[in-house]
Every structure is written in structure tokens, then in C-alpha cells.
Amino acid sequence: MLFDKQNMFSDAQAVTTGTQVSTDKVDTQGGSFIAVTADNLGNTPMKDAGRAPGVDVDVQVVETFTGGTSLRVDLASDDDAALGSPTVLASSAVIAEATLIAGYRFRLSLPAGMAVADKYLGLQFVSVGTHSTGKITAGIVPPGSKQTSPGSMT
């Protein structure tokens, strides 16, 4: 999967204990996934997230987790880039550590038309136990796009 650097939340981010937030956030430019800038003809797109397709977040385990119990990943928004008081928009299931091996991946989805009033999107990692190892790479990908396995062309 190709990621756009501006739509990344984590790039091999170590996830250890408690609740951590992603190292990077996506600035929705005031609560929309559509930037409000004029195109080369002078047209300004409408700032309406409902007109955009849904948003998928691809979450990949890039280093096997050890030492802890489980992990849940939340897609969250906040008006503060630090995600100090986030609104949880979507959550994964609680994933047992035995499942969190390198190569494991899943998606979080934000349905089309769901309003995001806050400026920043990010991830929250909620750990049970203390993970001595474990890293995540995650970012926004086109809805419905297919994943390819490493070394695969399909």
C-alpha cells in the first residue's frame, strides 16, 4: 500500500503502555477532509465532508508485539493537535497480543457523510499491559482500496 506522507498517523511508531496518541495528525483544515482552495479556473470546492467518500485508515503491525496483553486502536478527532480531549470516531476490536505479529493489518473506517467538527484527526493506541516491543504504521488510504502483500503484485 502506498501512503501519502501528509495523511500518515504513525510510521513504525513504538506502542508501549497506557494510552498513546499517534506521532502525526492530519489537519482537516477546520473540520473537513476537503481543502478550501481555488483551482486553476477560480472554482472553490464546497467544504462538505459529506460529499467526499468515506475515509479508511490502514493500520499495520510492522514489529511484533511482546510483553503486553492487548491493544485497541481508535480513530479520534480534536481541536488540539495533541489530542488532549479527543472524540472517538471509530474503534478497532480489542486485539490480543498473540494476533499482533508483524504483517498483521486491519482498517478503521469513517463512513461518508459523517461530520468531523474538529480540526485534527489522529489515532489513539489503548494498551493493556506493557509491551516491550511492538510498532505500528498507519495512515489514510482510499476507501475500498485493495491491500497487497509484500512481494505481491495483486
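How many of the 22 residues of strand 8 are buried? Strand 8 is mostly covered, with 16 of its 22 residues buried. Buried means under 20% relative accessible area, exposed means over 50%, and partly exposed lies in between (1.4 Å probe, protein chains only). Strands are DSSP runs of E, at least two residues long, and are numbered from the N terminus.

This is a predicted model, in which local features need pLDDT of at least 70, side-chain atom pairs count only at pLDDT 80 or more, and totals for chains, interfaces and linings use all residues. Residues are numbered from 1 along each chain as its sequence is written, and side-chain values use heavy atoms, with hydrogens and water left out.

**Confidence**

pLDDT is the predictor's confidence in each residue, from 0 to 100. The protein chain has a mean pLDDT of 81, and 73% of its residues reach 70 or more. Confidence is lowest in strand 3, at a mean of 86, and highest in strand 6 (residues 95-96), at 98. Residues 32-38 have pLDDT below 50, and this stretch has 26 contacts in the model beyond near neighbours in sequence. Residues 45-50 also stay under 50, with 18 contacts beyond four places in sequence. Contact means heavy atoms within 4.5 Å. Where pLDDT is low, the predicted coordinates should not be read in detail.

**Pairing with strand 8**

Two strands pair if DSSP finds at least two bridges between them. The table lists partners of strand 8, each with one residue pair.

| Strand | Sense | Bridges to strand 8 | Residue pair |
|---|---|---|---|
| Strand 1 | antiparallel | 4 bridges | Q13 and I136 |
| Strand 2 | antiparallel | 3 bridges | V21 and Q124 |
| Strand 3 | antiparallel | 2 bridges | D27 and Y120 |
| Strand 4 | antiparallel | 18 bridges | Q60 and T137 |

In a regular strand the side chains alternate between the two faces of the sheet.

**The nonpolar core**

A nonpolar core is a set of buried Ala, Val, Leu, Ile, Met, Phe, Trp, Tyr and Cys residues joined through side-chain atoms within 4.5 Å. The largest core has 24 residues. F9, V57, L71, V73, L75, L123 and I136 touch the most other members. Strand 4, strand 5 (87-91), strand 7 (105-110) and strand 8 (120-141) each supply at least two residues. Strand 4 gives the most, with 8 residues.

What does V73 contact, leaving aside its neighbours within four places in sequence? V73 is in contact with V59, A90, S91, S92, F106, L108, L123, Q124 and F125.

**S10 and S22**

S10 sits in strand 1 (residues 8-14). S10 counts as buried because its relative accessible area is 0%. The S10 side chain makes a polar contact with the side chain of Q13, at 2.6 Å. A polar contact is a pair of N or O atoms within 3.5 Å; within protein, one must be able to donate a hydrogen and the other to accept it, and residues adjacent in sequence count only if both atoms are side-chain atoms. Not counting residues up to four places away in sequence, S10 touches S22, T23, F125, I136, T137 and A138.

S22 lies in the loop between strand 2 (19-21) and strand 3. At 1% relative accessibility, S22 is buried too. Beyond four places in sequence, the residues that S22 touches are F9, S10, Q13, G122, L123 and F125.

**Two more loop residues**

T28 is in the loop between strand 3 (26-27) and strand 4 (55-78). T28 is buried, at 3% relative accessible area. Its C-alpha atom is 9.2 Å from that of A117, 89 residues apart along the chain.

P86 is in the loop between strand 4 and strand 5. At 25% relative accessibility, P86 is partly exposed. P86 touches A76, S77, D78 and Q124, not counting residues up to four places away in sequence. P86 and Q124 are 38 residues apart in sequence, and their C-alpha atoms are 8.8 Å apart.

**The aromatic pair**

A search of the whole structure finds 1 aromatic pair. The ring centres of Y104 and F106 are 5.9 Å apart and the planes stand at 45 degrees, so the pair is tilted. Rings of Phe, Tyr and Trp (its six-membered ring) pair if their centres lie within 6.5 Å; planes under 30 degrees apart count as stacked, over 60 as edge-to-face and the rest as tilted. Y104 is partly exposed, at 27% relative accessibility, whereas F106 is buried, at 13%.
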